[in-house]
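Student: Hi! Could you go through this structure with me? I'd like to start with a single residue and work outwards.

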Amino acid sequence: MKTTYCGLLLLLIFAQWSVSAQQAPAQSAQSARLDNSLSAVYVTQSATALAAGDLKTVEGLLRVALEFDPKNSDAYYLQGEMYQKMGGKIPEAIKSYQSALDAANWSTYTDSECMLKLAPLLIRTKHYAQAADTLQGIGVSNAAYYLEYAHALAGMGNTFQASNLLQAAQNAYPSDANIAVFRAAIDPIFRAQLARRYLSASAVPSSDKAVLAGLVIDTTDTATKGRLIALYEKSFGFS
C-alpha cells in the first residue's frame, strides 16, 4: 500500500511538472509581450520629454524602456537624438543609432530615418566610407540623402562622383540652395559657370542668397571675388 501511494505521488508530481513545462512557453511569450508594451509606453513618454528639451527625464525614461525591451530600435533612435542634443556626445549618439539599426525592431521610426541621422555624424567624425555604406542601404532618395552621400564621397576623395550626384540632385531639387552651395565648393568648373551666370545677371533673386554667399567664399580669383562681393552687396547688402 505504501509503495502504491509513493507511486501515485510521483505520478502527481510528474503531471504537475509536465503541465508547468507546457505552460512556460506561453507564459514567457505573454511576459515578453507585456515587456514590449511597457517599453513602448516609456518610448512615447521620452519622445514627449525630448520635444520639451527635458533631457534628464528622457535619459531615465529610455533607460527603463531598454530594460523592458533591449531590442527596441525606437528607444535607441531617441537615445541617439538625446545624445546629439546634449552636445559633445557624438560617439554615444553614433553607437545608439547603430544599435537601433542592428536591433531592426521598429514601431514608430524607420531604418531610413535612422540612417539619415547616423550618416552626418559619421561624416563629422571623418568615417566617410562607413557613411557611404550606411547611405547605400537607405530606402529613400531625398535632398538630404543626396547631400549627405555627396559629403561622404567627397570626404573619400571622389569629388567627381560627388559632383555628378549633386548635379542629379539639382535636377530633382532645383530650389535646394544647400545642394548648389556644396557643389560649387567641390567643383571648380561648376563654380566658374555659376560665377559667370551671376555676374552676367542684373540682379540675384533672394532665393540664391546662400548660393552667392558660398560662391564668394569659395572663389579664389581675386578679381572675380571682388565682383561677386560687389554683386552680393548690391543684391542683399551686408546682412
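Student: Is A104 buried or exposed?

Tutor: A104 counts as exposed, because its relative accessibility is 52% and the cut-off for exposed is over 50%. Keep in mind that this is a predicted model.

Student: Okay, and where does A104 lie?

Tutor: A104 sits in the loop between α4, which covers 90-103, and α5. Its backbone is worth a look too: phi of A104 is near 50°, a positive value in a residue other than glycine.

Student: Which residue in the loop between α5 and α6 should I look at next?

Tutor: Try K126, which has its place in that loop. Phi of K126 is near 65°, again a positive value in a residue that is not glycine.

Student: And is K126 buried or exposed?

Tutor: K126 has 62% relative accessibility, so it counts as exposed.

Student: Let's move to the helices on either side of that loop. At what angle do α5 and α6 pack?

Tutor: Helix α5 (residues 111-124) and helix α6 (residues 128-136) pack at about 165°, and their axes are 8 Å apart. The two are therefore roughly antiparallel, since angles over 145 degrees fall in that class. Their crossing is left-handed.

Student: Which residues meet there?

Tutor: From α5 you have M115, L116, L118, A119, L122 and I123, and they meet Y128, Q130, A131, T134 and L135 of α6. Sorted by class, this contact has 9 nonpolar residues, 2 polar ones and no charged ones.

Student: Nice. How do α7 and α8 cross?

Tutor: Helix α7 (residues 143-155) and helix α8 (residues 159-172) cross at roughly 170°, and their axes come within 8 Å. That makes α7 roughly antiparallel to α8. On the α7 side, the contact is made by Y146, L147, Y149, A150, L153 and A154; on the α8 side, by T159, Q161, A162, L165, L166 and A169.

Student: What classes of residue are in that contact of α7 with α8?

Tutor: There are 10 nonpolar and 2 polar residues, with no charged ones.

Student: Zooming out, how many helices and strands are there in the protein?

Tutor: The protein has 12 helices and 0 strands.

Student: And how much of the protein is buried?

Tutor: Buried residues account for 36% of the 239 residues. As for the outside, the accessible surface is about 13800 Å², and 56% of it belongs to carbon and sulfur atoms.

Student: Last one: what share of the contacts join residues at least 24 apart?

Tutor: Of the contacts between residues at least 6 apart in sequence, 49% join residues at least 24 apart.

Technical notes
Residues numbered from 1 in each chain as written. Predicted model: local features only at pLDDT ≥ 70, side-chain atom pairs only at ≥ 80, totals over all residues. Heavy atoms only, no water. Axes fitted to C-alpha atoms, helices over the stretch in contact; angles between N-to-C directions. Helix = DSSP H or I, 4+ residues; strand = E, 2+ residues; numbered from the N terminus. Parallel < 35°, antiparallel > 145°, perpendicular 65-115°, else oblique. Left-handed = near helix turned anticlockwise from the far one by under 90°. Contact = heavy atoms within 4.5 Å. Nonpolar A, V, L, I, M, F, W, Y, C, P; charged D, E, K, R; others polar. Buried < 20%, exposed > 50% of the residue type's maximum accessible area, 1.4 Å probe, protein only. Areas by Shrake-Rupley, 256 points an atom, 1.4 Å probe, with all protein chains shown as cover.
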